[in-house]
Amino acid sequence: MLTRFRRAYGAGPLHALLFVVCAAVAALAIRRWFDVGGHDARVIITWFVALILAHDLVLVPLYSLIPRLLSRTPARGPGPARYHRARLHLRIPALLSALLLLVWSPLILRASHGDFAARAGLTTHPYLARWVIATVGLFAVSGLVWLVRAVRSGRGHAPATRRS
Amino acid sequence: MRAPWPHDAPAGPFRRTFWRSPLRGPWLTAVFGAALLVTLPVIAVTGFLSNAAYNPRLGDNAVGRHLGPLDFYLFSWPTRPSWLYALTQGLHVTIGLATIPILLAKLWSVIPRLFEWPPLRSPAHAVERISLAFLVGGAGFEFVTGVLNIQDDYTFGFFFTDAHYYGAWVFVAALVFHVALKFSTMRRTLATRRLLAPLRDGVTQTLPEPREPEDSDLIPLAPAAPSMSRRALLGTVAAGAGILLIQGAGESAGGPLRELAFLAPRGRNPFRGPNGFQVNQTFANAGIDPGQVGRAWNLRVHGTRLVRLTREELLALPQHTYELPIACVEGWSTTQRWTGVRLADLARLAGVERPGELTGSSLEQDSVYAEISYSEDQVADPAALLALKVNGAPLSLDHGYPARIIIPGAPGVHNTKWLAALAFRRS
């Protein structure tokens with residue numbers, strides 16, 4: 001009986017039971033959106049589906065494309081380790097700056113300007129400049145660390161960069 | 001029965017050779033998964049606690065919701081410690097922000113799984129893949145709506161509270177299923193692949209994870225040369241989490257730390273002077289006719305009899321001063337010195353010796369929080385005030401002049417501003 005279930009379903013009965021329980025909770029929650037307001041529920045479901053599609057159709061290509069574009073190693077130039085290190089010191093602050101832009105874009109790009117001013121009594125005006133300053137700061141710190149490491153490895157304190 | 005798709009994976013992302021990053025592998029995914037397994041429960045628990053903090057069973061506090069089976073009610077929200085909601089909601093938003101880069105990295109690490117071949121192996125495999133749609137959709141929905149809401153960006157066009165609350169149930173249901181299926185893999189991977197060893201490798205020593213003792217479809221078969229070590233990747237994710245953590249923590253802790261939250265919505269003081277602290281809803285945006293808060297204003301206090309009190313009469317009653325926080329659902333807090341009349345004293349004036357629940361109404365008409373009900377414990381707390389002054393100065397219009405409620409430990413919007421009436425019930 002159990003073996004037949006396993007063969008037909010592809011996993012044990014606990015797997016199926018847990019799925020039923022979790023699916024019931026999710027279904028109940030989705031139902032509650034409709035109970036609270038039919039119009040809102042349709043917009044909410046649209047957002048929900050749009051975010052799944054955004055992951056599959058935007059984030060995934062972006063995630064797989066960017067490293068492909070970035071990982072082209074030049075045929076000539078300094079040794080791979082030094083090249084990687086220099087590139088890394090540009091890449092990390094760029095990634096962190098992009099993260100800050102992603103999270104705070106309503107303020108930085110002033111998308112929420114009207115509501116923010118009306119509710120908080122503040123303007124979104126300083127945020128673009130603050131983000132630019134943060135970005136410059138990130139690149140500056142990264143560049144400084146790169147410089148220190150380059151000088152130290154140049155003096156032979158950190159032989160790791162001379163390997164390979 | 002024959003499967004409706006070819007046995008061999010078609011070209012492109014469905015082939016394991018398509019995915020070339022040497023960093024991807026079960027160890028990396030397990031590390032991100034373990035980090036999320038710490039942060040997501042904190043976010044979920046504090047989120048559900050926030051729902052409890054609104055005392056949704058009282059009056060119209062559930063703002064239009066008819067409570068159903070998912071709206072469980074654990075306890076009446078306490079008033080002590082007075083910073084309780086500042087802490088729980090500060091954690092919710094701050095840990096939520098810090099989790100974003102970890103979540104993005106985790107999603108990146110498992111992309112090849114999206115293109116598994118064959119796409120469906122069995123009914124069990126089918127329900128796993130369906131649950132992943134809800135996991136990704138639920139995570140996206142909760143994080144995106146949360147991040148937009150704390151910045152007053154209402155482009156989503158639906159009422160945030162219900163959407164975020166029931167969305168949390170969808171996400172948690174999918175997450176419980178996912179963790180139940182993957183937990184043993186994560187533990188085994190971290191045990192067999194040694195927790196920190198892969199961090200020792202610099203970029204030139206970075207190789208794909210070993211396919212022994214157990215292969216994984218996350219390990220690339222045709223890896224590209226590494227452009228980054230695992231150490232650098234984890235360091236970048238940790239740095240991103242750290243920067244966002246500081247943004248949230250600065251807004252939540254306030255004081256001199258607020259300056260650190262330079263990109264967060266409440267990272268600075270809007271005004272100068274004793275009323276200079278953060279505002280959730282300005283007077284101008286509340287839609288109140290200025291004439292209503294002028295000389296003619298008086299507070300209606302309903303009990304066994306109706307009492308009307310002008311601001312002068314209220315100021316002539318015994319005054320008490322307490323340091324109490326305003327803790328917003330958006331994650332920011334600010335602690336100030338409030339002076340005013342004890343709610344329990346006002347109940348006695350209206351003929352209610354032992355007050356039970358209280359309902360306070362604002363002059364603000366359009367807000368879903370215009371009428372709030374408070375529990376017996378909240379009314380009985382000696383620091384529960386009808387505040388008339390803050391930091392020694394009369395309340396400004398933006399902070400609720402002529403009078404507002406301040407309840408220790410309650411969510412910010414329950415500190416009703418521009419108060420019109422109080423209705424006490426007997427215990």
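This tour moves through a predicted model, from chain A to single residues in chains A and B.

**Chain A as a whole.** Begin by selecting chain A and displaying it as a cartoon. Six helices and zero strands appear there, and read from the N terminus the order of elements is α-α-α-α-α-α. Next, colour chain A by relative accessibility: of its 164 residues, 32% are buried. Switch then to a surface representation, where chain A exposes about 9900 Å²; carbon and sulfur atoms supply 70% of that area. A contact map of chain A is a useful companion view. Among contacts with a separation of 6 or more, 35% join residues 24 or more positions apart.

**Two cysteines.** Select A:Cys22, which is buried because its relative accessible area of 9% lies under the 20% limit. Move on to B:Cys328; here the relative accessible area is 4%, so this residue is buried too. How many disulfides are there over all chains? The count comes to zero, as judged by cysteine sulfur atoms within 2.5 Å.

**B:Asn415 and its surroundings.** Finally, select B:Asn415 and show the adjoining elements. The residue sits in a loop of chain B, between β9 (404-406) and β10 (419-426). Is B:Asn415 buried or exposed? Its relative accessibility is 2%, and B:Asn415 therefore counts as buried. To see what surrounds this loop residue, extend the selection to its contacts. Leaving aside residues up to four places away in sequence, B:Asn415 touches B:Pro325 and B:Ile326, B:Arg404 together with B:Ile405, B:Ile406 and B:Ile407, and also B:Ala410.

Conventions:
Residues numbered from 1 in each chain as written. Chains lettered and ligands numbered in written order. Predicted model: local features only at pLDDT ≥ 70, side-chain atom pairs only at ≥ 80, totals over all residues. Heavy atoms only, no water. Buried < 20%, exposed > 50% of the residue type's maximum accessible area, 1.4 Å probe, protein only. Helix = DSSP H or I, 4+ residues; strand = E, 2+ residues; numbered from the N terminus. Contact = heavy atoms within 4.5 Å. Areas by Shrake-Rupley, 256 points an atom, 1.4 Å probe, with all protein chains shown as cover.
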